Amino acid sequence: MQQQQLLKVVFVGHVDHGKSTLIGRILHDTESLEDGKIEQVKKACAEEGMEFEFAFLLDALLEEQEQNVTIDTTRIPFRTKRRQYSIIDAPGHKEFLKNMITGASNADAAVLVIAASEGVREQSRRHAYLLTLLGIKQIVVVVNKMDLAEFSKERFDEIKNEYRKFLVDLGLEARAFIPASAKTGDNVAQRSKEMRWYHGPTVLEALDATEPTPSLVDLPLRFSVQDVYRFDERRIIAGRIETGTLRAGDQLVFSPANKTSTVNSIERWNADGDRPAVAGDSIGITLTEQIFVERGYVASHQAETPIETNRFHADLFWIARNPLHVGRLYNIRLGTQDLKCQIVSIEQVMDSSTLERIIEKREQLQRNEVGRVTIQTRAPLVLDNYDRIANLGRFVIVDDNTICGGGIVFGGVYTDRTVAKSKNIFWTEEKITPMQRAVHLGHRGAVVWFTGLSGAGKSTIAQGLERELFNRGMHTYVLDGDNIRHGLNSNLGFSPEDRVENIRRVSEVAKLMADSGAVAITAFISPYRVDRRRAREIALEGKAEFVEVFVDAPLEVCEARDPKQLYKKARAGEIRDFTGIDAPYEPPEDAEIVVRTDKQTVDESIATILEQLLPRLKPDDAND
Amino acid sequence: MTGTQRTHLDQLENQSIFIFREAYRAFKNIAMPWSMGKDSNVLIWLAQKSFFGKIPFQVLHIDTTYEFPEMLEFRDWATWHYKLNLVVKINEEARKRGIGYETHDPVTVTHELKTVALQQVLAEHKWDALITGIRRDEDPTRAKERYFSPRNAQFEWDYKDQPPEFWGQFAASAAKGEHVRVQPLLDWTEVDIWRYIQREEIPIPKMYFAKNGKRFRSLGCSPITHPIKSDADTIDKIIAELEETKTSERAGRAQDHHERNAMQKLRAKGFL
């Protein structure tokens, strides 16, 4: 049995223009209803003294008689000789925009219904506009209720010309304009005897001629990372191929980190792993070089990487009850990325029914409005222009865990310095809580305490970690001998008491920094367990997260490296009490993170730390 | 083109895996109800696909105490076979009160032994997400569902005001005491399920196959689940039979038909 692709068709149109009747008629004429359903509805109508209508078939199917309006998106299957269809019924009522978007965003094609008796109305235009925002380009326009317009060619042409012009302005071209009557069945499944002047397709013929959304395989590769799994010895990067093709052996660039690695294997369970992964595939990959990767990263091929920016333009539709405010903090979700953002400005608002552009600065976008906006994110966002790669060119705006609007990206990056940054941030008078700081900064404050022998690589790794965190938009700073010994602790020497005091002061400073919301990274040998335990206690007193990182390498390795020639001097007796030579080093027994710098490269060590550190810095847990 | 033509089943499978992984990332404490029925077993299979052979959350069987013995046998075998972390829940309290098909109507019994049992076990384990195997084509009320569908603390489903869901972005969070139903099979049809079982060779209970001119098309509690007339004793024959039929899948499930809109009432109160 041949398996034809399913075609998902959304039905839209102004209220009472006959969408439900048309769907009912299609279900009836394609014999897609359950046995006895029609008789049952006819009987019910007779009992209530009502004339039978095709719309009742749909209503009966949806158990919505008491409402007599379509209340939410539903899916209704029917079948023609050519293939299987799924009708997405989207409501015609203005207030149900969110349901229409939910339904229509999945559709391959749209049927737009206009009643001949009433002509093009507000929602006829608004819905077409929304279809363009949703990227649905295959549109069949049904001019319904031709029986009420005496099957007049003039009336049909009038509506067709008016609406075609509107669609052209939107950059759309309808596949067909069909004069029809859902009530009488003219030109739905059967060719009309009343309208012999019409030679185009019937509604079903027009649908059968529509192709499913064209393949995304031929576009550049975009692999959205959903998660990194370590269920067994494998480290599997799981995600979805949004567009393009990915093969084992491909060199990938991971944005926004811009790290490269090679695909070692494509992982699938109970399936052929060697097969290339193509657009739409949910797969896993392993890499040859273990770079740090997390949810939200996008992998691409070197030659065709996505845009990386923290400021861009978009057309945004708003569906939440509360208006969108310029300057307020929202979350933006694009693919698997989730970042804090602000709407910097609303440049114009589009009246979606007249397509009139209202060019005036606005501070708010009301429900059901569409605006052209500038968005700024806290950290770099990986994206594409919508007209190039739709999957990475569209996003939703989330407030309080609720999807409030959606938008499409255009025009790539540019910086408009005339627009003020982050205005209208709402301040309150109360003392700022750690959670407020965490939400504001996008991460919790923490003390990341490095310990290890001289030459183990603490400073190098600390600086690298600082850079990685900074690139993520995080507030971070490294405390090390260079910036502490010369200032704050310039009165301290290297006697045992002074070393203890040195570490105590570093502990207090790190705690204050963490309390301010920063991720304070300390890079000191800190050889004694008791000192490190105190550092932990000081941090915990301030309710800051404390993460001990053991930068581990054998003494011989550190001595061989000897970057500052200190071991040499210690061996020569020029320095006394040098850790590892004539002073002890007490390795941590339960450090949160351990890296082995004799076995791991600097990048691998940083990747290990990031992987374990970042989950601890999520603001969600800040209210514990 | 690469020559790698994706079929309709490939599309469904990959979309389901995507949803599984989004759910696993979004929720801390997940359970997957499992009835041992065909859809449930497809769900188990897809979970393994999503997590490379591991099912990293608990699997829940609501035991109504009216289970077919063959289903319990299958449960024990599959639990061992898939190494499931299985939780079995019986609403003991309702059984003690004498709630049962012998004395009560099927809507009441279904509500008590399934929905209330689910409420109890959810409260015990504090799950914030349930991964269910419901499909849009099963029932008109299920046709309105979202992939991520929030339920309030009373288990109620506000189907008139559901969160928007588009572009692969979901309502992926639950407030305290609430939970989200995650429904990876929503787009699948009954025939899709069978074709997938066939393609992947997924183990299912034998009761789906015809014996002595009868087979079960949908499986529930033994007193209220009735076989249909059928000679379909292979998956091929079942698929051929479904291509022809115009009666609904759940026609043999008495609780759906006890009164008008029974399913809608059951589901609004928290039934899967």
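**Exercise 1. Identify the bridge partner of V10(A) in strand 4 of chain A, and describe the surroundings of strand 1 of chain A.**

Solution. In strand 4 of chain A, A110(A) is the bridge partner of V10(A). The model is predicted: local features require pLDDT of at least 70 and side-chain atom pairs pLDDT 80 or more, while totals for chains, interfaces and linings use all residues. Residues are numbered from 1 along each chain as its sequence is written, and chains are lettered from A and ligands numbered from 1 in the order in which they are written.

Step 1. Strand 1 (residues 7-13) of chain A and strand 4 (residues 109-115) of chain A run parallel and are joined by five bridges. Strands (E, at least two residues) and helices (H or I, at least four) are DSSP runs, numbered from the N terminus; two strands pair if DSSP finds at least two bridges between them.

Step 2. Strand 1 of chain A is also joined by five bridges to strand 3 (residues 84-89) of chain A, again in parallel. Here F11(A) stands opposite D89(A).

Step 3. L7(A), V9(A), F11(A) and G13(A) point one way from strand 1 of chain A, K8(A), V10(A) and V12(A) point the other way, and all are buried. A residue is buried if 20 or more other C-beta atoms, placed from the backbone, lie within 10 Å of its own. Because seven of the seven residues are buried, strand 1 of chain A is largely enclosed by the rest of the structure.

**Exercise 2. State the strand order of the six-stranded open sheet in chain B.**

Solution. Step 1. The order is 3-2-1-4-6-5, with mixed pairing. Strand 3 (86-89) and strand 5 (148-151) of chain B are the edge strands, each pairing on one side only.

Step 2. Strand 2 (residues 58-62) of chain B pairs with strand 3 of chain B in the parallel sense over four bridges, and H61(B) stands opposite V88(B).

**Exercise 3. Describe how helix 2 and helix 7 of chain B pack.**

Solution. Step 1. Two packed helices are described by the angle between their axes and the distance between the axes. Helix 2 (residues 38-50) and helix 7 (residues 190-200) of chain B pack at about 50°, with axes 10 Å apart. Axes are lines fitted to C-alpha atoms over the stretch in contact, and angles run from 0 to 180 degrees between N-to-C directions.

Step 2. K38(B), D39(B), V42(B) and W45(B) in helix 2 of chain B meet I193(B), Y196(B), I197(B) and E200(B) in helix 7 of chain B, contact being C-beta atoms, placed from the backbone, within 7 Å.

Notes
Contact = placed C-beta atoms within 7 Å. Buried ≥ 20, exposed ≤ 12 C-beta atoms within 10 Å, placed from the backbone.
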